[in-house]
Amino acid sequence: MSVFLFRRFLTLLATLVGASLIIFFVLDALPGNAAQMLMGADASPDAVRALTVKLGLDQPLYYRYLHWIKGMLTGDLGISYAYGTPVAGLIGERLTLTIPLAVMSMSMTVVLALAAGIYTAANHNKLGDVGVMSLTQFGIALPNFWFAILLILLFSVKLQWLSAGGFAGWDESIIAGIKSLLLPAISLSVVQAAILARVTRSAVLEVLREDFVRTARAKGLSKRDVLWQHVLRNAMIPVMTIMGLQFANLLAGTIVIENVFYLPGLGRLIFQSIANRDLIVVRNCVMLLAAVVVIVNFVVDVLYAFIDPRIKVHSL
């Protein structure tokens with residue numbers, strides 16, 4: 001098991017290094033000049049040149065990359081060009097909204113998807129199965145930003161139950177903060193739940209056809225006991241794979257949804273920083289999202305080994 005974890009950890013580190021190289025050099029290759037953007041189109045060349053030196057943009061590419069890596073390892077992410085504040089504090093402030101939003105969305109996704117997937121598999125080819133699968137097909141085809149607009153029209157404009165946008169803040173009350181994130185979380189989770197429900201259904205049906213399931217039924221176990229005690233654990237491998245990918249997609253999806261609901265989260269920060277060409281903020285935010293994706297996949301790999309011991313044996 002230790003060798004399995006060590007190999008996965010080395011893969012994690014190599015992937016993070018590769019992601020950092022791609023993110024840094026691709027963003028640096030984009031046209032435009034951050035100093036020119038901050039000074040304005042009418043700024044003199046001398047003023048732009050002075051600001052370029054002040055921001056360190058005149059340094060060699062490899063030096064700036066190593067300086068950025070050193071800063072990430074020490075917690076010093078630099079100073080935002082546009083905001084004039086430390087990037088670490090800026091990102092940390094926005095994560096207090098984005099992380100709860102992603103957790104709420106993922107929780108809704110898992111609850112809805114597992115309930116729908118297990119129900120449809122247990123009632124295969126029955127009316128409930130056909131009905132739920134039809135709804136999931138509709139959910140997959142539904143763009144989350146368009147669904148978000150429909151939610152605003154229904155619950156904010158028509159019924160006036162919830163706010164159409166903005167964030168009440170955690171300082172006011174936890175309930176007010178959750179209410180502000182409820183519609184965005186629903187709009188993010190519907191599409192993800194539809195996909196995960198279909199994967200869960202397929203995985204459960206595949207395991208239900210295995211010989212050990214028929215043996216368990218022949219021994220006198222009820223269909224419910226077989227489903228919960230034997231089938232689900234063996235069906236969780238593909239389900240967990242999709243869960244890991246979906247959590248990463250939820251973080252990326254907040255970039256659009258936070259702008260629809262005017263939420264001051266990480267997604268809106270990235271959008272504003274791109275508009276301001278505040279590349280130091282964009283670079284660190286994108287690297288954070290990439291690191292989350294890689295770490296989540298690492299955690300999923302480790303969970304695989306605990307669910308199915310054959311995986312770590314085959315990996316050695």
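How much space lies in the second largest pocket? About 340 Å³. Of the 16 residues lining this pocket, Met72, Leu73, Leu77, Met287 and Ala291 come closest to its centre. Several helices share in the lining: α1 (2-28), α4 (61-74), α5 and α12 (279-307) each supply at least two residues. Keep in mind as you look around that this is a predicted model.

Let us step back and take in the whole chain. Its secondary structure comes to 13 helices and zero strands, so reading from the N terminus you will meet one α element after another. Taken along the principal axes, the C-alpha atoms fill a box of roughly 85 × 60 × 35 Å. The chain has 316 residues, and buried ones make up 39% of them. If you look at contacts between residues at least 6 apart in sequence, 74% of these join residues at least 24 apart.

Now for the interior. The largest nonpolar core holds 38 residues, and those with the most contacts inside it are Leu101, Leu181, Val204, Val231, Phe261 and Leu263. The elements that give two or more residues to this core are α5 (87-122), α7 (144-158), α8 (174-208), α9 (211-218) and α10 (223-260). The biggest share comes from α8, which gives 11 residues. Apart from this core lies another one, of 19 residues, with Ile280, Cys285, Val292 and Val300 among them.

Leu263 is a good place to pause in the larger core. Setting aside neighbours within four places in sequence, Leu263 is in contact with Leu97, Leu101, Gly166, Phe167, Ser180, Leu181, Pro184, Glu258 and Arg268. Two of the names in that list, Leu101 and Leu181, also appear among the residues with the most contacts inside the core.

Next, follow α8 from end to end. This helix has 35 residues, yet its end C-alpha atoms are only 43 Å apart, whereas a straight helix would reach 51 Å at 1.5 Å a residue. Where does α8 bend? Look at Leu182: the helix bends there by about 40 degrees, and the proline Pro184 follows within four residues.

The helix α7 makes a useful companion to this view. With 15 residues, α7 reaches 20 Å from its first C-alpha to its last, close to the expected 21 Å. There is nonetheless a kink in α7, of about 25 degrees and centred on Ile152. Ile152 is also one of the buried residues of this helix, along with Phe147, Ala148, Leu151 and Ser156. What covers them includes α8 and α10. A general point about helices helps when you look at such a list: an α-helix has 3.6 residues a turn, so residues three or four places apart point the same way.

Just beyond α7, the chain passes into the loop between α7 and α8, where Gln160 lies. Gln160 has a positive phi of about 55 degrees although it is not a glycine. Is Gln160 buried or exposed? Its relative accessibility is 63%, and exposed means over 50%, so Gln160 counts as exposed. Tyr262 offers a second case: this residue lies in the loop between α10 and α11 (266-275), and Tyr262 too is a non-glycine residue with a positive phi of about 55 degrees. At 55% relative accessibility, Tyr262 counts as exposed.

Another residue to find is Val132, which sits in helix α6 (residues 127-140). Val132 is in contact with Ala116, Tyr119 and Thr120, leaving aside neighbours within four places in sequence. Val132 and Gln160 are 28 residues apart along the chain, and 29 Å separates their C-alpha atoms.

Finally, is there enclosed empty space, and what lines it? A search of the whole structure finds one cavity of 30 Å³ or more, and the largest cavity has a volume of about 30 Å³. Its lining consists of Leu114, Thr200, Val204, Leu232, Ala235, Met236 and Val239. Both α8 and α10 supply at least two of these residues, and α10 gives the most, with four. Thr200, one of the lining residues, lies in α8. Its relative accessible area is 2%, and buried means under 20%, which means that Thr200 is buried. Not counting residues up to four places away in sequence, Thr200 touches Ala113, Leu114, Gly117, Ile118 and Val239.

Terms used. Residues are numbered from 1 along each chain as its sequence is written. This is a predicted model: local features need pLDDT of at least 70, side-chain atom pairs count only at pLDDT 80 or more; totals for chains, interfaces and linings use all residues. Side-chain values use heavy atoms; hydrogens and water are left out. A nonpolar core is a set of buried Ala, Val, Leu, Ile, Met, Phe, Trp, Tyr and Cys residues joined through side-chain atoms within 4.5 Å. Buried means under 20% relative accessible area, exposed over 50%, partly exposed in between (1.4 Å probe, protein chains only). Contact means heavy atoms within 4.5 Å. The expected span of a helix is 1.5 Å times one less than its number of residues. The bend at a residue is the angle between axes fitted to the seven residues ending there and the seven starting there. On a 1 Å grid over the protein atoms alone, a cavity is a set of points where a 1.4 Å probe fits but cannot get out, and a pocket is an open set with protein on both sides within 12 Å along at least five of seven lines; lining residues have an atom within 4 Å of a point. Grid points are joined across faces, edges and corners, and a volume is the space filled by probe spheres set on the points.
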